[in-house]
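Here are my notes on this one, as numbered points. Have the coordinates open while you read.

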Amino acid sequence: MKQVNREIEANIQVTREIESQIGNCSETESALSVKEAELTKSFLASQFEINGLISVTADSRNSLKLLEDEICRLRNEHSELITRLTEKREGFVKMCFGFQREIEDSEFRNLLLEREFLDNEVRMLEEKNLDVKNSILAYMEDEMMNLLSD
């Protein structure tokens, strides 16, 4: 009977050790379940962030494409504008040269020459008028000096 008791004791001891290991395993399992939940949460958050970044990347690419198209359109428009301005400038220069030739060959040139002549005459008359005025002033000053000295 002692042997049976010893065997029962040994079995109880083994059972206790098994129960202790089961408890440890349960704690480990709980800790691992918490860790799994945290990792799942982190994974889902990462997936959500990745999906958001993929969406932002796609929107950015679309926006970039639109901006590139707009820049291309503006460059073409600028080039066309420069071409039109150059053509208009060349046309204006041609018109100016034609106008100059017409002036040189027309009566307008004679009128300009006559005006220049008359402007010179007016200037000379103004100079003579100033000379006369200065002479009169000098004469009056001399006369005043004479009167004052008498």
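1. A word on terms before anything else: a helix here is a DSSP run of H or I with at least four residues, and helices are numbered from the N terminus. By that count, valine 132 sits in helix 2, which covers residues 107-149. Keep in mind that this is a predicted model.

2. Overall make-up. The protein chain has two helices and zero strands. Helix 1 takes in residues 2-105, and helix 2 takes in residues 107-149. So if you were hoping for a sheet to look at, there are zero strands, since a strand would need a DSSP run of E with at least two residues.

3. Overall shape. How does the radius of gyration of the protein chain stand against that of a compact globule of 150 residues? The chain has 56 Å, whereas the globule would have a value near 15 Å. The C-alpha trace spans about 175 × 60 × 15 Å along its principal axes. For a single pair to check in your viewer, try threonine 15 and tyrosine 139: their C-alpha atoms are separated by 152 Å, with the two positions 124 residues apart along the chain.

4. Burial and surface. What share of the 150 residues is buried? Just 1%, with buried meaning under 20% relative accessible area. The accessible surface of the protein chain is about 14300 Å², and carbon and sulfur atoms account for 59% of that.

5. The salt-bridge cluster in helix 1. The whole structure has five salt bridges, and a network of them links Glu70, Arg73 and Glu77. Arginine 73 pairs with glutamate 70, where the closest N and O atoms are 2.5 Å apart. Arginine 73 also pairs with glutamate 77, this time with the closest N and O atoms 2.8 Å apart. The spacing fits the helix: arginine 73 and glutamate 70 are separated by about one helical turn because they are three residues apart in helix 1. Glutamate 77 and arginine 73 are four residues apart in helix 1, again about one turn.

6. How covered is that cluster? All of its members come out as partly exposed: arginine 73 with a relative accessible area of 40%, glutamate 70 with 35% and glutamate 77 with 44%.

7. A salt bridge in helix 2. Arginine 115 and aspartate 119 meet through their side chains at 3.9 Å, N to O. That pair still counts because the cut-off is within 4 Å. Both residues lie in helix 2, four residues apart, which is about one turn of the helix. Arginine 115 counts as exposed because its relative accessibility is 57% and the limit is over 50%. Aspartate 119, at 44%, counts as partly exposed.

8. The nonpolar patch. Which residues make the nonpolar surface patch of about 510 Å²? They are Val132, Ile136, Leu137, Tyr139 and Met140. Valine 132 is partly exposed, at 46% relative accessibility. Tyrosine 139 is also placed in helix 2, and at 53% relative accessibility it counts as exposed.

9. The database record. In an unreviewed entry, UniProt lists residues 108-135 as "coiled-coil region". In the model, that span is 100% helix and 0% strand, and its end C-alpha atoms lie 40 Å apart. Treat the label with some care, as such annotations may be inferred rather than shown by experiment.

10. Cysteines. How many disulfides does the structure hold? Zero. As a reminder, a disulfide is a covalent bond between the sulfur atoms of two cysteines. Cysteine 25 counts as exposed, at 52% relative accessibility, while cysteine 72 is partly exposed, with a relative accessible area of 43%.

Notes. Residues are numbered from 1 along each chain as its sequence is written. This is a predicted model: local features need pLDDT of at least 70, side-chain atom pairs count only at pLDDT 80 or more; totals for chains, interfaces and linings use all residues. Side-chain values use heavy atoms; hydrogens and water are left out. Patches are made of residues with over 30% relative accessible area and no salt bridge: like charges are joined within 9 Å, nonpolar side chains (Val, Leu, Ile, Met, Phe, Trp, Tyr) within 5 Å. Accessible areas come from the Shrake-Rupley method with a 1.4 Å probe; for residues, only the protein chains shown count as cover. Buried means under 20% relative accessible area, exposed over 50%, partly exposed in between (1.4 Å probe, protein chains only). A disulfide is a pair of cysteine sulfur atoms within 2.5 Å. The radius of gyration is taken over C-alpha atoms; the globule rule is 2.2 Å times the number of residues to the power 0.38.
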